[in-house]
Amino acid sequence: MTQRTNLLDFTLAGLTAWLAARGEKPFRARQVFRWIHQRGVADFGAMTDLAKGLREKLEEHAEIRPPVIASEHRSADGTVKWLFDVGVGNGIETVFIPEEDRGTLCVSSQVGCALDCKFCSTGRQGFSRDLRMGEIVGQLWVANRRLKEMLAEGGTVRTPSTRTPAEGEGEARRAVTNVVMMGMGEPLNNFGPVVDAMTVMLDDHGYGLSRRRVTLSTSGVVPYIRKLKEALPVALAVSLHAPNDAIRSRIMPVNDAYPIAALLDACRDYLEAAPRDFITFEYVMLKGVNDAPDHARELAALLRSVPSKVNLIPFNPFPGSGFEGTEMERVRRFQKVLIDEGYVATIRKTRGGDIDAACGQLAGQVVNRMKPRAVRIHPPSPRI
Ligand code: SAH
Ligand code: SF4
């Protein structure tokens, strides 16, 4: 039997073309797309406003095949973490973080990561493969469905109490109001599928999220920052983590290929199209490495030429990392230097720490296929 086509692998344009090849009009594609993404329906038989002939065609040739949940953990603070089985021993993680005014889903883009940042648990696992588009958008599809089920069960799950009109009518998708591409993997190293998945997130017939509510976090793969500006300029967060090249190269090998000056150039360029008028710089506080008040002053001088917001991240430890986190008092001192220099600087609240769902703790299950020490900076076959 030939495998059916997984409709989660399509943008609306892709689905329109696929259905056109089967003699169906574009508005049919919009209908099907809305059933899938707005209502979270997987059963073609339940798509009641479709003609019977179309439903039969879909049943024969298509399916909605999301990644399979291997486990689900709920943190005391309301955070939910899923481990998805994506085949042959590989697992990826997705985290839902509820807050008063929003529900943020942290989505993975690769199984593992090849960039080998020294402080990152995902990097430590090595790299297995890129996720397909349907596996990326599928994390959002499943999360919305599960959160809706949890709400219906009256469980402990928390979802935002206030909603914005942008979330529209759909019930299921309301739980997730924001997406951050900050799970496992370097999203810009899986450019085509990540852009396609975000296209569905932004589509009015899909999840209808605005470009400000979808944030891509990158360790700084410069050429692809420039391509993202052309393709789909969503909010950008950059993992800087150091005030100079010497420290950055020590903890992030990607800096050897794209040093700070080139990275900041790309950020300035990106701002021309960005939905926000600043770049968020992430800075993980590592004891004795990058956390001195002098480093804060150096950072302030460095970022002078880029409209920025700095997000200080307390280091989340994992076994054998070799790093320690900076004490909170010292993190606050670092923050104060930045504020005194005129920056908006925040300290990220650690969420889901009790279920290993915090930044940098996502280990998933990675069958490492990299040779020891091979750091893959460029994606093998950019599809843009
Ligand atoms: N690959 C992308 C996105 C995933 S990582 C990137 O690097 O930006 C998401 C964020 O978590 C990044 O800022 C990353 O540097 C940070 N991070 C990684 N390991 C961490 C750890 N152990 N503690 C705290 N933050 C960490
Ligand atoms: Fe990859 Fe990001 Fe982890 Fe670095 S911090 S190893 S780029 S996931």
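**Close-up views of a predicted model**

**View 1. The shell around ligand 2.** Ligand 2 is surrounded by Cys113, Leu115, Asp116, Cys117, Cys120, Gly123, Gly185, Glu186 and Ser219. As in the views that follow, what is shown here belongs to a predicted model. When the residues of this shell around ligand 2 are sorted by character, they divide into 4 nonpolar, 3 polar and 2 charged.

**View 2. The open sheet and its edges.** In this view 10 strands form an open sheet with mixed pairing, and their order across the sheet is β3-β4-β5-β6-β9-β10-β11-β12-β13-β14. The sheet is bounded by the edge strands β3 (68-74) and β14 (344-347), each of which pairs on one side only. On average, and with direction ignored, neighbouring strands of this sheet are turned by 20° against each other. Strands of a sheet pair through backbone hydrogen bonds, and this pairing is either parallel or antiparallel.

**View 3. Strand β6 and the strands on either side of it in the sheet order.** In the order of the sheet, β6 stands between β5 and β9. Strand β5 (residues 91-98) is joined to β6 by 4 bridges, and these two strands run antiparallel; a hairpin leads from β5 to β6 through 4 residues. Within this pair, proline 98 has glycine 103 of β6 as its bridge partner. Strand β6 (residues 103-106) also pairs with strand β9 (residues 178-181), here in the parallel sense and over 3 bridges. In β9, valine 179 is the bridge partner of leucine 105, while valine 180 is the bridge partner of cysteine 106. Both faces of β6 are covered, with Gly103 and Leu105 buried on one side and Thr104 and Cys106 buried on the other.

**View 4. Helix α12 across the strands at one end of the sheet order.** Helix α12 (residues 328-340) lies across β12 (279-285), β13 (308-314) and β14, and runs at about 165° to β14. Strand β14 (344-347) is one of the edge strands of the sheet and pairs on one side only.

**View 5. Helix α2 and the helices against which it packs.** Helix α2 (residues 26-37) has 12 residues, which at 1.5 Å a residue should span 16 Å, and because its end C-alpha atoms are 17 Å apart, the expected and modelled spans agree. Buried in α2 are Arg28, Ala29, Gln31, Val32, Phe33, Trp35, Ile36 and His37. The buried residues of α2 pack against α1 (12-20), α3 (52-61), α5 (133-153) and α6 (191-202).

Terms used
Residues numbered from 1 in each chain as written. Chains lettered and ligands numbered in written order. Predicted model: local features only at pLDDT ≥ 70, side-chain atom pairs only at ≥ 80, totals over all residues. Heavy atoms only, no water. Near = heavy atom within 4 Å. Nonpolar A, V, L, I, M, F, W, Y, C, P; charged D, E, K, R; others polar. Pairing = 2+ DSSP bridges. Axes fitted to C-alpha atoms, helices over the stretch in contact; angles between N-to-C directions. Contact = heavy atoms within 4.5 Å. Buried < 20%, exposed > 50% of the residue type's maximum accessible area, 1.4 Å probe, protein only. Expected span 1.5 Å × (residues − 1).
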